[in-house]
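New to this one? Here's a quick briefing to help you find your way around.

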Amino acid sequence: MALIRWEPFREMEILRRQMDQLFSELTAAERGNSEISASPRTTWVPAVELHDNGSELLLRVEIPGVEAKDLDVQVTQDAVSITGEHRYEKHSQSNTKVHSEFRYGSFTRVVPLPSKVQNQQVKADLKDGILILTLPKLEQEQNKVFKVNLGQSQSATASIEAGNGNTQPNITSQQSVQTG
């Protein structure tokens, strides 16, 4: 019986190569470039940016290559749902090989909103692959300023006034400070 020398670093290198091959096959399948992939169309999710401008929300959605006719945008007071499809363009030459990292297929993206919006007054613009939705907030959802008044004595009186001029009942708390 012959002794076989154990080489742990060689075995780790073999494992690393196998993992690299697995990840490259999965990445290629996700992009539709491998025999593993059933079709060149895969699902994807567009990136979004949401800005709060005080009186309105500005939602930007990155959807390059998607035409307006392939989009369905639905807005509720709490969320925006965007459904669409980036269509794969077939070329007439069947024997050419193509390496593509583009993402094709249908997508759905639901974006929850941080405040309620007036969904009947949404403005949309699609330019250079960016969908821009301007979502005006409901009047009661816009930022309100609250003023807090604190008394100078040991008892602190806090009066909270809403920014619209309505005065809420005073809140009084007694605090005693013990010094040692």
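Below is a short tour, from the whole chain down to one pair of residues. Keep in mind that this is a predicted model. The protein chain has 180 residues, with one helix and 10 strands among its elements.

**The chain as a whole**
- Follow the sequence and you'll meet the helix ahead of the strands, since the pattern reads α-β-β-β-β-β-β-β-β-β-β.
- Buried residues account for 23% of the 180 residues in the chain.
- The chain exposes about 14000 Å², and 50% of that comes from carbon and sulfur atoms.
- Take the contacts in the chain with a separation of 6 or more: 49% of them link residues that are 24 or more positions apart.

**A three-stranded sheet**
- β3, β4 and β5 line up in that order to make an open sheet, and they pair in the antiparallel sense.
- The edges belong to β3 (71–75) and β5 (105–112); each has a single partner strand, so one side of each goes without a neighbour in the sheet.
- On average, neighbouring strands in this sheet are turned by 10 degrees against each other, with direction ignored.

**Zooming in on β3 and β4**
- β4 covers residues 79–86, and its antiparallel pairing with β3 runs over five bridges.
- Want a spot to look for in the 3D view? Find Asp-72, which sits opposite Thr-83 in β4.

Conventions:
Residues numbered from 1 in each chain as written. Predicted model: local features only at pLDDT ≥ 70, side-chain atom pairs only at ≥ 80, totals over all residues. Heavy atoms only, no water. Pairing = 2+ DSSP bridges. Helix = DSSP H or I, 4+ residues; strand = E, 2+ residues; numbered from the N terminus. Axes fitted to C-alpha atoms, helices over the stretch in contact; angles between N-to-C directions. Buried < 20%, exposed > 50% of the residue type's maximum accessible area, 1.4 Å probe, protein only. Contact = heavy atoms within 4.5 Å. Areas by Shrake-Rupley, 256 points an atom, 1.4 Å probe, with all protein chains shown as cover.
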